[in-house]
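Okay, thanks for squeezing me in today. I'd like to walk you through one helix pair and then what sits in the middle of the fold.

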Amino acid sequence: MSKKKCYAINTYLQFEKLIGEKSNKEIVIIYIKNYLIEGLGIDWLKTFINFNKTNYKNFNIKYYVDCGTDYGLSILILRENIDYLKLKTNKIILKKINQIAKKNKVLLNPDFDVVDISKIKK
């Protein structure tokens, strides 16, 4: 069984290019790296998601966010409108955060193939 693909983006132009190549029926999973969230903040993520939902209503876009080892950040991000969350931690904390994730309908640490858009040659 092949893994689902998600696409790591670094800029909004990469996002627009990716959406332009996909059809409306495909599920597009966007991977947002940890350094973007730590540098730009949760408000940036919330604005990015809301902006894309209003401009690309016809597309089925899901978000996969990397929190690294920051537990507090992961709890704050769970409240946003994301679908998947990546977190590196021990089993005890992972179990507790997983309970919060279930309430918010977020899948914790899914198994995806991450494709970096910036490394794809034309």
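**Helix pair and cores**

So, the crossing of α4 and α5 is right-handed. Bear in mind that this is a predicted model. For orientation, α4 covers residues 71-78 and α5 covers residues 91-103. The two pack at an angle of about 15°, and their axes are 10 Å apart. With that angle being under 35 degrees, α4 counts as roughly parallel to α5.

Who's actually touching whom? On the α4 side you've got Tyr 71, Ser 74, Ile 75 and Leu 78, and they meet Ile 93, Ile 97, Ile 100 and Ala 101 in α5. By class, that contact has seven nonpolar residues, one polar and no charged ones.

Okay, on to the core. In soluble globular proteins, nonpolar side chains tend to be buried together. Here, the largest nonpolar core has 31 residues, and the ones touching the most other members are Ile 30, Ile 77 and Leu 85. Plenty of elements chip in: α1, β2, α2, α3, β3, α4 and α5 each supply at least two residues. Which of them gives the most? That's α3, with four residues.

Click on Leu 85 for a second. Leaving out residues up to four places away in sequence, Leu 85 touches a whole list, including Ser 74, Ile 77 and Leu 78, and also Val 106, Leu 107 and Leu 108. Tyr 64 is another of its contacts.

And keep Tyr 64 in mind, please. There's a second, separate core of seven residues, and Tyr 64 is in that one, along with Cys 6, Tyr 31 and Tyr 84 among others.

Technical notes:
Residues numbered from 1 in each chain as written. Predicted model: local features only at pLDDT ≥ 70, side-chain atom pairs only at ≥ 80, totals over all residues. Heavy atoms only, no water. Axes fitted to C-alpha atoms, helices over the stretch in contact; angles between N-to-C directions. Parallel < 35°, antiparallel > 145°, perpendicular 65-115°, else oblique. Left-handed = near helix turned anticlockwise from the far one by under 90°. Contact = heavy atoms within 4.5 Å. Nonpolar A, V, L, I, M, F, W, Y, C, P; charged D, E, K, R; others polar. Core = buried A, V, L, I, M, F, W, Y, C linked by side-chain atoms within 4.5 Å. Buried < 20%, exposed > 50% of the residue type's maximum accessible area, 1.4 Å probe, protein only.
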